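Q: Please give me a close look at one part of this model, its pockets and what packs around them. I would like the cut-offs too, so that I can compare with my own tools.

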Amino acid sequence: MHYVAHLCKDRKLKKLLTAQPPFQLKKRRDIHIYLCASIMSQQLSVKVGDIIYKRFLGLYGGRKPTALEISQTPFDVLRSIGLSGAKTSYVLNVAKFAAEQGMETSKLGCMNNEEVITYVTQIKGVGRWTAEMLLMFALQREDVFSADDLGIQTAMKRLYKLDIADKKDFRQQIVKISEKWAPYRTYACMHLWAWKDGG
């Protein structure tokens, strides 16, 4: 893969890359569905998240609904699939925003990373971390580093033997390390996650 030689310049990261298969990013067209599913699955196990997502699709005959269809779904109906009140509100917020303001890949594709983050974090319930995951896994952006992701922090603390006593200093250190991975920071994150999870 095109990014491997560049990331292998970091000797510690190279150990991970040589032990793992390369990753590929895929672009998604259904951005509103990605965001809704991301909100639904937060703080849940993968298994439970999958069950709730299948129930969600079941509300629409097993197909992916339009943003307008989701926004017109009664609150109690959405909540009945196992969502908390807050998550139900956030899903409806995403759908309403997508229906009214637009969330097509053609629209977001014209924005740089920070512009996308600013745009989608206007929605109550969508934070910076969710926006960063959107950039990586739905918009195929190759150079995103999620400094506040707990999995990334855990992996980098272990790989680079960093002290986390001073959280601000630790964050600055991992951001500085990540800068030499540009323009392929997304792939570095993917390898760090896989390594942390035993892959």
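A: Happy to! A polar contact here is a pair of N or O atoms within 3.5 Å; within protein, one must be able to donate a hydrogen and the other to accept it, and residues adjacent in sequence count only if both atoms are side-chain atoms. One such contact, of 3.2 Å, joins the side chains of Asp-30 and Arg-28. This is a predicted model, where local features need pLDDT of at least 70 and side-chain atom pairs pLDDT 80 or more, while totals for chains, interfaces and linings use all residues. Numbering runs from 1 along each chain as its sequence is written, and side-chain values use heavy atoms, leaving out hydrogens and water.

Asp-30 sits in the loop between helix 2 (11–19) and helix 3; helices are DSSP runs of H or I, at least four residues, numbered from the N terminus. Asp-30 counts as buried because its relative accessibility is 15%, buried being under 20% relative accessible area (1.4 Å probe, protein chains only).

Now to the pockets. A pocket is an open set of points on a 1 Å grid over the protein atoms alone, where a 1.4 Å probe fits and protein lies on both sides within 12 Å along at least five of seven lines; lining residues have an atom within 4 Å of a point. The largest has a volume of about 700 Å³, volume being the space filled by probe spheres set on the points, which are joined across faces, edges and corners. Its lining has 22 residues, with Ala-37, Ser-38, Ser-41, Val-46 and Trp-129 nearest the centre. Helix 3 (31–41), helix 4 (46–58), helix 10 (128–137), helix 11 (150–159) and helix 13 (185–196) each give two or more residues, and helix 3 gives the most, five.

The second largest pocket, about 220 Å³, is lined by 14 residues, of which Glu-114, Arg-128, Glu-132, Val-144 and Phe-145 lie nearest its centre. Helix 9 (113–120), helix 10 and helix 12 (167–179) each supply at least two residues of that lining.

Helix 10 thus turns up again, and it is mostly covered: seven of its ten residues are buried, namely Thr-130, Ala-131, Glu-132, Met-133, Leu-134, Leu-135 and Met-136. These buried residues pack against helix 3, helix 9 and helix 13, where contact means heavy atoms within 4.5 Å. Leaving aside neighbours within four places in sequence, Leu-13 is in contact with Leu-7, Leu-159, Tyr-160, Trp-181, Ala-188 and Leu-192.

Key:
Buried < 20%, exposed > 50% of the residue type's maximum accessible area, 1.4 Å probe, protein only.
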